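Here are some notes to read alongside the model. Take the points in order and find each place in the structure as you go.

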Amino acid sequence: MLLVTCPICGAEGDETDFHFGGQAHIARPATTNPEGITDAQQREYLFTRINPKGLHFERARCDRGCGKWFHIARDTMTMEIKAYYGVTELPPPDIIAQAKGGWAELFAERTAHAKKTK
């Protein structure tokens, strides 16, 4: 059983008290430019996911309490939840440092973009 705590309202429960929404940090191209989306961008959005063994980042919705979406950093091998954070936030820096492969590339890109926009 996976015990989850909502970082927004503090509700606690097992995984059945939360609705999992798949991979976190997916760029939705139609949000910013719906007319300018290429077929490759739409295909990437619909079908390409990062699915490593180990540290993984996913979305969850609190069905027991506030109904808000949030992100979870979870190890898929041990089921240990490493961190909870908001849907508009990046994971804590110590968790980003543990990311590998596609996740490390995604966070490096997002961190560089965030530094440029400051």
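**Notes on the salt bridges, sheet and pockets**

1. Let us begin with a single side chain. In this predicted model, aspartate 63 has a relative accessible area of 40%, so it counts as partly exposed. Its salt-bridge partner is arginine 61, with N and O 2.4 Å apart. Arginine 61 is also partly exposed, at 30% relative accessibility.

2. What brings two such side chains together? Side chains of opposite charge can pair when their charged atoms come close. Searching the whole structure turns up four salt bridges, and the one between arginine 61 and aspartate 63 is among them.

3. Another salt bridge links lysine 82 and glutamate 80, whose closest N and O atoms are 3.4 Å apart. Lysine 82 has a relative accessible area of 30%, which makes it partly exposed. Glutamate 80 is partly exposed as well, with 42%.

4. Now try a pair in another setting: is glutamate 58 buried or exposed? With a relative accessibility of 8%, glutamate 58 is buried, because anything under 20% falls in that class. Glutamate 58 makes a salt bridge with arginine 74, and their closest N and O atoms lie 2.6 Å apart. Glutamate 58 sits in strand S4 (residues 55–62) and arginine 74 in strand S5, so this salt bridge ties together parts that are 16 residues apart in sequence. Arginine 74 is buried too, at a relative accessible area of 12%.

5. Strands S4 and S5 belong to a sheet, so please trace it next. In what order do its strands lie? The order is S3-S4-S5-S6, four strands in an open sheet with antiparallel pairing. At the edges are strand S3 (18–23) and strand S6 (81–85), each of which pairs on one side only. From one strand to the next, the twist averages 30°.

6. For a closer look at one pairing, go to strand S5 (residues 69–75) and S6. These two run antiparallel and are joined by four bridges. If you would like one position to find on screen, pick alanine 73: its bridge partner in S6 is alanine 83.

7. Next, the open spaces. Rolling a probe the size of a water molecule over the atoms shows where empty space is left. The largest pocket has a volume of about 430 Å³. It is lined by 14 residues, and those closest to its centre are His25, Ala27, Glu44, Leu106 and Arg110.

8. Which helices supply at least two residues each to the lining of the largest pocket? They are helix H1 (39–47) and helix H3 (101–117). H3 gives the largest share of this lining, with five residues. By type, the lining of the largest pocket has five nonpolar, four polar and five charged residues.

9. Finally, look at the second largest pocket, with a volume of about 270 Å³. It has 14 lining residues, and nearest its centre lie His25, His71, Val87, Thr88 and Arg110. H3 provides the largest share of this lining, three residues. The lining of the second largest pocket is made up of six nonpolar, four polar and four charged residues. As you compare the two lists, look for His25 and Arg110: they are among the residues closest to the centre of the largest pocket, and they also appear among those nearest the centre of the second largest pocket.

Terms used. Residues numbered from 1 in each chain as written. Predicted model: local features only at pLDDT ≥ 70, side-chain atom pairs only at ≥ 80, totals over all residues. Heavy atoms only, no water. Pairing = 2+ DSSP bridges. Axes fitted to C-alpha atoms, helices over the stretch in contact; angles between N-to-C directions. 1 Å grid on protein atoms, 1.4 Å probe; cavity = no way out; pocket = protein on both sides within 12 Å on 5 of 7 lines; lining within 4 Å. Points joined across faces, edges and corners; volume = space filled by probe spheres on them. Nonpolar A, V, L, I, M, F, W, Y, C, P; charged D, E, K, R; others polar. Salt bridge = Lys/Arg side-chain N within 4 Å of Asp/Glu carboxyl O. Buried < 20%, exposed > 50% of the residue type's maximum accessible area, 1.4 Å probe, protein only.
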